[in-house]
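Trainee: I would like to go through the charged side chains of this protein with you, one pair at a time. Could we look at the structure together before I start asking?

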Amino acid sequence: MAESNVIHEAGCGPAVNNQIFCSRDEYSHEETRSCPFPFQALGKECYYFGKNPLKNWQNARSHCLGLGGDLATPRHPYKLYSYILDNFASPAHEWWVGASLNHQRSGFEYITTNEPLRSEDWHPTLPHARPGQDCAYIHPHNQRPWANFPCTNVERFICQYP
């Protein structure tokens, strides 16, 4: 029998008990989709969690493109954030995602859709307007999904299959 690439009971585990992160009611009836290897389904989205070796943002994106996807641009960032908390919180690591600073519009956007990241999804003191911190990541202990770093930092990364 073929191995299933479905993540069961994603998010909302013991590490997260606040509805701002993930609501079981919102996702409990959501169907999952079939994802090609090495991607795993989290609801209707397919993700690959790149843990080793760590990569800078551009190399992480190249890796994702090589798998047939791109860096993650989740429809439900708190669901992905909750999954990371439940499955990868120890030791704590940052995870590159597919969002970066659009200098023309002076805001962070998803790289595949140019959709802006919602301000309420950022760590309360972010995003920093400091030069060079142009790439977005998820840190499992920020209490909100988005934060930003210099793109040259080497981190874990999340790919998403279209």
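Trainee: How many salt bridges does the structure hold?

Mentor: Please keep in mind that this is a predicted model. A pair counts when a side-chain nitrogen of Lys or Arg lies within 4 Å of a carboxyl oxygen of Asp or Glu. On that basis, the number of salt bridges in the structure is 4.

Trainee: Which residue forms a salt bridge with Asp70?

Mentor: Asp70 is buried, with a relative accessible area of 10%, whereas its partner is partly exposed at 22%. The closest N and O atoms of the two are 2.8 Å apart. The residue that pairs with Asp70 is Arg61.

Trainee: In the salt bridge between Glu109 and Arg105, is Glu109 buried or exposed?

Mentor: The two side chains meet with 2.5 Å from N to O, and Arg105 counts as exposed at 52% relative accessibility. Buried means under 20% relative accessible area, and the value for Glu109 is 7%. Glu109 therefore falls under that cut-off and counts as buried.

Trainee: Which residue is linked with Arg118 and Glu120 in a network of salt bridges?

Mentor: Let us begin with the pair you name, since the side chains of Arg118 and Glu120 meet in a salt bridge at 3.4 Å, N to O. Arg118 is partly exposed, with a relative accessible area of 47%, and Glu120 is partly exposed too, with 40%. The residue linked with Arg118 and Glu120 in the network is Asp121.

Notes:
Residues numbered from 1 in each chain as written. Predicted model: local features only at pLDDT ≥ 70, side-chain atom pairs only at ≥ 80, totals over all residues. Heavy atoms only, no water. Buried < 20%, exposed > 50% of the residue type's maximum accessible area, 1.4 Å probe, protein only.
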